[in-house]
Amino acid sequence: AVVGERRTWTALALRRPLSRAVSPRFHWQPFRRGLAGQAGVGVAGSPEKRSDVDGEASEIDLLPLPQRIFSALRLREFSDEELRARFEEADSDKSGGLDSEELLEVVRSAHSGLLVGKRLVLHAERTSEEAIQSLDTDGDGHVSFDDFRAGIIRLAQQTDSRMWPYAGSMLASGMSVGIITPAMPMLVQTLGLSQAEYGYVVSAFGLSKLLANLPAGVAADVRGRRAVMVFGLLVIGCSSAVIGMASSLEHLILARFLTGTGASFMMAGATSAVADISTPLNRARTITPVMNGFSAGYVLGPALGGCMIGAFGLSPTVFGVGGLFFVNAFATRLLTWETRPSSVAAKQADGTMAAVRQTFA
């Protein structure tokens, strides 16, 4: 609905896909943003895209309310000292309470580099109104510091539902890795490897994971969490194909080396993304389902792998696992959003490399 010059968020959400329908070509990103906007679903994403065209979405528009509030108030530690300082900064008239106009000005000032014009006004109005409704416990239109602190802590303690696609991806990954476990002794026996040579194959995984951990962490800062996670899944999928075609010790060592490398990139992307969408008050509860997803999959995988090998044979099972990793990579790319702000990529990468140099200096 449109009242005067003010368009409601619903009207903008319905208008967004139509404004992109000028081109006959299908573009996935606008389609996904428009679909998420109509469904009212908050999606993971970093407020990096500046939008100065009415109807052109910035990813910050689609973030859940807690992330929009935390971003506007620049909250990081959620300590009493930080909350008091942010409250006093927002309380421009020094009345001891916040109203919608003061919160609107806070949001508008904090996000003016990301949005301009009517989009900024609508975003600030929407966020400030929702923040007042969430923080104002007595309904008088003003938020005291006690209400502010209690409301912010409550929002910061809530787990973010955006973790579940990552947990699902890790569950599928753990299961796929576990399926390969009963296949390895059979491959060793088929190739006629000695116990010492089998030890080399097992050690290749740990060695590659050790060597790839640092590059994976740097890549997650520079290239983004989702890209690194998808890359790791694709590498593990390729390693499964190498295992299926292996005809010598060298092939198996190469395959396990690739598996360890892919696992490092996958874990670096997943854990970094979960850290991005969590707060110090809910980080343990947010990351636990993701890590438990991989563990649960790894427990179920060997039993499933034994059944698959018995039913379909060794090679079809191994190649099937590779296909599962490629499907998982596609699903991860489809269902998750990048969570790391690209504007701090260089800064984070420089900090990571400085820490590396200091460690080995």
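**Exercise 1. In which helix does V290 lie? Work out its surroundings too.**

Keep in mind as you go that this is a predicted model.

Step 1: place the residue. V290 lies in helix α13.

Step 2: check the burial. The relative accessible area of V290 is 0%, and the cut-off for buried is under 20%, so V290 counts as buried.

Step 3: list the neighbours. Leaving out residues up to four places away in sequence, V290 touches M163, Y166, A167, M170, A270 and V274.

Step 4: compare sequence and space for one of them. M170 and V290 are 120 residues apart along the chain, yet C-alpha to C-alpha they sit 6.3 Å apart.

**Exercise 2. Sort out the nonpolar cores.**

Step 1: start with the largest one. It has 34 residues, and the members touching the most others are M184, I243, L252 and V290.

Step 2: ask which helices feed it. At least two residues each come from α8 (164-180), α9 (183-191), α11 (225-245), α12 (249-276), α13 (283-312) and α14 (314-335). Of these, α12 gives the largest share, with 8 residues.

Step 3: look for another core. There is a second, separate one of 25 residues, and V107, V143, F145 and I152 are among them.

Step 4: go back to L252 and find its partners. Not counting residues up to four places away in sequence, L252 is in touch with M184, L187, L191, L193, V201 and A246.

**Exercise 3. Classify the ring pairs made by F87.**

Step 1: get the overall tally. Searching the whole structure turns up 5 aromatic pairs.

Step 2: take F87 with F145. The ring centres are 5.4 Å apart and the planes meet at 75°. Edge-to-face needs over 60 degrees, so this pair is edge-to-face.

Step 3: place the two residues. F87 belongs to helix α4 (residues 80-90) and F145 to helix α7 (residues 145-157), so to speak a link between distant parts of the chain, 58 residues apart.

Step 4: take F87 with F148. Here the centres are again 5.4 Å apart, but the planes are at 55°, so the pair is tilted. Since F87 lies in helix α4 and F148 in helix α7, this pair ties together parts that are 61 residues apart in sequence.

Step 5: check how covered the rings' residues are. F87 is buried at 3% relative accessible area, F145 is buried at 9%, and F148 is buried at 0%.

Step 6: put the pairs together. F87, F145 and F148 form a cluster linked by ring pairs.

**Exercise 4. Find a nonpolar patch on the surface and say where L210 fits in.**

Step 1: name the members. L207, L210, L211 and F257 make a nonpolar surface patch of about 390 Å².

Step 2: find the main contributor. Helix α10 (residues 195-222) supplies the largest share of the patch, 3 residues.

Step 3: zoom in on L210. This residue is found in helix α10. Its relative accessibility is 61%, and exposed means over 50%, so L210 counts as exposed.

**Exercise 5. Sum up the whole chain in numbers.**

Step 1: count the elements. The protein chain has 15 helices and 4 strands.

Step 2: get the buried share. Of the 361 residues, 45% are buried.

Step 3: check the contact range. Take contacts between residues at least 6 apart in sequence: 77% of them join residues at least 24 apart.

Step 4: finish with the surface. The chain exposes about 17,400 Å², with carbon and sulfur atoms supplying 62% of it.

Conventions. Residues are numbered from 1 along each chain as its sequence is written. This is a predicted model: local features need pLDDT of at least 70, side-chain atom pairs count only at pLDDT 80 or more; totals for chains, interfaces and linings use all residues. Side-chain values use heavy atoms; hydrogens and water are left out. Buried means under 20% relative accessible area, exposed over 50%, partly exposed in between (1.4 Å probe, protein chains only). Contact means heavy atoms within 4.5 Å. Accessible areas come from the Shrake-Rupley method with a 1.4 Å probe; for residues, only the protein chains shown count as cover. Patches are made of residues with over 30% relative accessible area and no salt bridge: like charges are joined within 9 Å, nonpolar side chains (Val, Leu, Ile, Met, Phe, Trp, Tyr) within 5 Å. A salt bridge is a side-chain nitrogen of Lys or Arg within 4 Å of a carboxyl oxygen of Asp or Glu. A nonpolar core is a set of buried Ala, Val, Leu, Ile, Met, Phe, Trp, Tyr and Cys residues joined through side-chain atoms within 4.5 Å. Rings of Phe, Tyr and Trp (its six-membered ring) pair if their centres lie within 6.5 Å; planes under 30 degrees apart count as stacked, over 60 as edge-to-face and the rest as tilted.
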